[in-house]
Amino acid sequence: MRNVKRLWGVIIAMAICILVLASLLISHAINQSEPRQSPEPEQQGEKKHTRVIAKIGNREITMDELESALARHYGPEQLSQMLDREVIRLEGNESGIKVESAEINRELKRMQQGYESEQQFYDSMQSQLGMSEQEIQEDVSNKLLLEKLATASIHISDTQVDTYIKSHADEFEQETEYNIQQIIVSTKEQATKVIAELAKGESFGILARDRSIDDATNNTGGDLGWIEGDDPFVEAPILEAAKLLKVGEVSKPIPVLQGFAVVLLKSRRDKKNPDLVFIRENVRRELALQQAPPLKEFVAQLRGKWKVSVLDPTLR
């Protein structure tokens, strides 16, 4: 399930290399102290005009110079990427295989995990890779189409998906939520007395209202509502104790910051995963890719099929 992370890792590494090389190239050009000789007039006698984009002393650097340098150093890679995308598009059109906008949105949502917001994700991609939102969407669409083409003839059954999920349970753990009440008192002796009164049938909610020193919950009978097992606003010892309790069971005194807590587990439930269908389809896609030829080899086959040729020897 880590294909996307690996892909973006490669993209980021390549982007950093390109930025460093570009910086060295422009720095080298600017630091040349000898003015360059004026270009000879064109055959038709017209002087070539180019936009000056930088100056240092009498030295002028034109857009033509920059474009020429970029074409020499990065032209082959850029052209290769353009050709790859075009043969993928042609193959998709011929085979009738396409990527729906819903698929792109789901993949983008998956990529955005770990970011505080969608906007933060796009801002990060812009600052790290220089890619706009549209360019990222196009890149995702191209990647998904390539994967679909490469795995078009591979069938992964539901049984294979189930087997993979079971054997990689740690990747698909379903979160549990807990509905608990708490009473917080100053000393362990007070907590022990609370537990004794609960054993006699006293109401947990009434004792929480009358005895708990936690102003945030005592007015609601100590009820914390439904919380996840890693809720950052609930002290870890309380969460760990709740996980070990049976429904309806009361804990022993638990040391906490304010003193000692007594916890009642009212209920527990597995948190519903709204993306379960997408998770299964993603597993199916990953398993199919494992059986498919390497994507680089598949694209090379497409180039051969569509008779790709690079005419300019400097860009091969």
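**Reading a predicted fold, feature by feature**

Biologist: I'm starting at proline 293, placed in the loop between H10 and helix H11 (295–305). What does proline 293 count as in terms of accessibility?

Modeller: One thing first: this is a predicted model. To read accessibility, use two cut-offs: under 20% is buried and over 50% is exposed, with partly exposed in between. Proline 293 comes out at 31% relative accessibility, so it counts as partly exposed.

Biologist: Which residues is proline 293 in contact with, leaving aside its neighbours within four places in sequence?

Modeller: Setting those neighbours aside, proline 293 has contacts with Ala150 and Phe298. You can also look at C-alpha positions: proline 293 and threonine 151 are 8.6 Å apart in space, with their positions 142 residues apart in sequence.

Biologist: How do I read that kind of long reach for the protein chain as a whole?

Modeller: Take the contacts between residues at least 6 apart in sequence and ask what share join residues at least 24 apart; in the protein chain that share is 71%. The secondary structure comes to 11 helices and 6 strands, and buried residues make up 32% of the 316 residues.

Biologist: Let's do helix packing. At what angle do H4 and H5 pack?

Modeller: You need the angle and the distance between the axes. Helix H4 (residues 118–129) and helix H5 (residues 133–150) pack at about 90 degrees, and their axes are 9 Å apart. An angle from 65 to 115 degrees counts as roughly perpendicular, so H4 and H5 are roughly perpendicular to each other.

Biologist: Which residues meet there?

Modeller: From H4 you have Phe121, Tyr122 and Met125, and they meet Glu133, Ile136 and Gln137 of H5. By type, the residues of this contact split into 4 nonpolar, 1 polar and 1 charged.

Biologist: And how do the axes of H3 and H10 cross?

Modeller: Helix H3 (residues 101–111) and helix H10 (residues 276–291) have axes that come within 12 Å and cross at roughly 90 degrees. That makes H3 roughly perpendicular to H10. The H3 side brings Arg106, Glu107 and Arg110, which meet Phe278, Asn282 and Arg285 of H10. The split here is 1 nonpolar, 1 polar and 4 charged.

Biologist: Back to Phe121, then. How many aromatic pairs does the structure hold?

Modeller: It holds 2. For each pair, look at the distance between ring centres and the angle between planes; over 60 degrees counts as edge-to-face. The rings of tyrosine 115 and phenylalanine 121 have centres 5.3 Å apart and planes at 80 degrees, so that pair is edge-to-face. Phenylalanine 121 and tyrosine 122 have ring centres 5.2 Å apart and planes at 65 degrees, so this pair is edge-to-face too. Tyr115, Phe121 and Tyr122 form one aromatic cluster.

Biologist: What are the accessibilities of tyrosine 115 and phenylalanine 121?

Modeller: Tyrosine 115 is partly exposed at 29% relative accessibility, whereas phenylalanine 121 has a relative accessible area of 2% and is buried. Tyrosine 122 is buried as well.

Biologist: What sits over the ring of tryptophan 226?

Modeller: That would be the charged end of arginine 269, which is 3.9 Å from the ring centre.

Biologist: Now backbone angles. What is notable about phi at lysine 307?

Modeller: As a general idea, most residues other than glycine have a negative phi. Lysine 307 is not a glycine, yet its phi is positive, at about 55 degrees. Lysine 307 lies in the segment after H11 and is exposed, with a relative accessible area of 70%.

Biologist: Let me try comparing a strand residue with a loop residue. Where do threonine 62 and isoleucine 213 lie?

Modeller: Threonine 62 belongs to strand S2 (residues 59–62), and at 12% relative accessibility it counts as buried. Not counting residues up to four places away in sequence, threonine 62 touches Thr50, Arg51, Val52 and Ile53. Isoleucine 213 is in the loop between helix H8 (204–211) and strand S4 (223–228), and it counts as partly exposed at 34% relative accessibility.

Biologist: And which residues does isoleucine 213 touch?

Modeller: Again not counting residues up to four places away in sequence, isoleucine 213 touches Ile184, Val185, Ser186, Asn218 and Gln258. Isoleucine 184 is 29 residues from isoleucine 213 in sequence, with 5.7 Å from C-alpha to C-alpha.

Key:
Residues numbered from 1 in each chain as written. Predicted model: local features only at pLDDT ≥ 70, side-chain atom pairs only at ≥ 80, totals over all residues. Heavy atoms only, no water. Phe/Tyr/Trp six-rings, centres within 6.5 Å; stacked < 30°, edge-to-face > 60°. Buried < 20%, exposed > 50% of the residue type's maximum accessible area, 1.4 Å probe, protein only. Lys NZ or Arg CZ within 6 Å of the ring centre and 35° of its normal. Axes fitted to C-alpha atoms, helices over the stretch in contact; angles between N-to-C directions. Helix = DSSP H or I, 4+ residues; strand = E, 2+ residues; numbered from the N terminus. Parallel < 35°, antiparallel > 145°, perpendicular 65-115°, else oblique. Contact = heavy atoms within 4.5 Å. Nonpolar A, V, L, I, M, F, W, Y, C, P; charged D, E, K, R; others polar.
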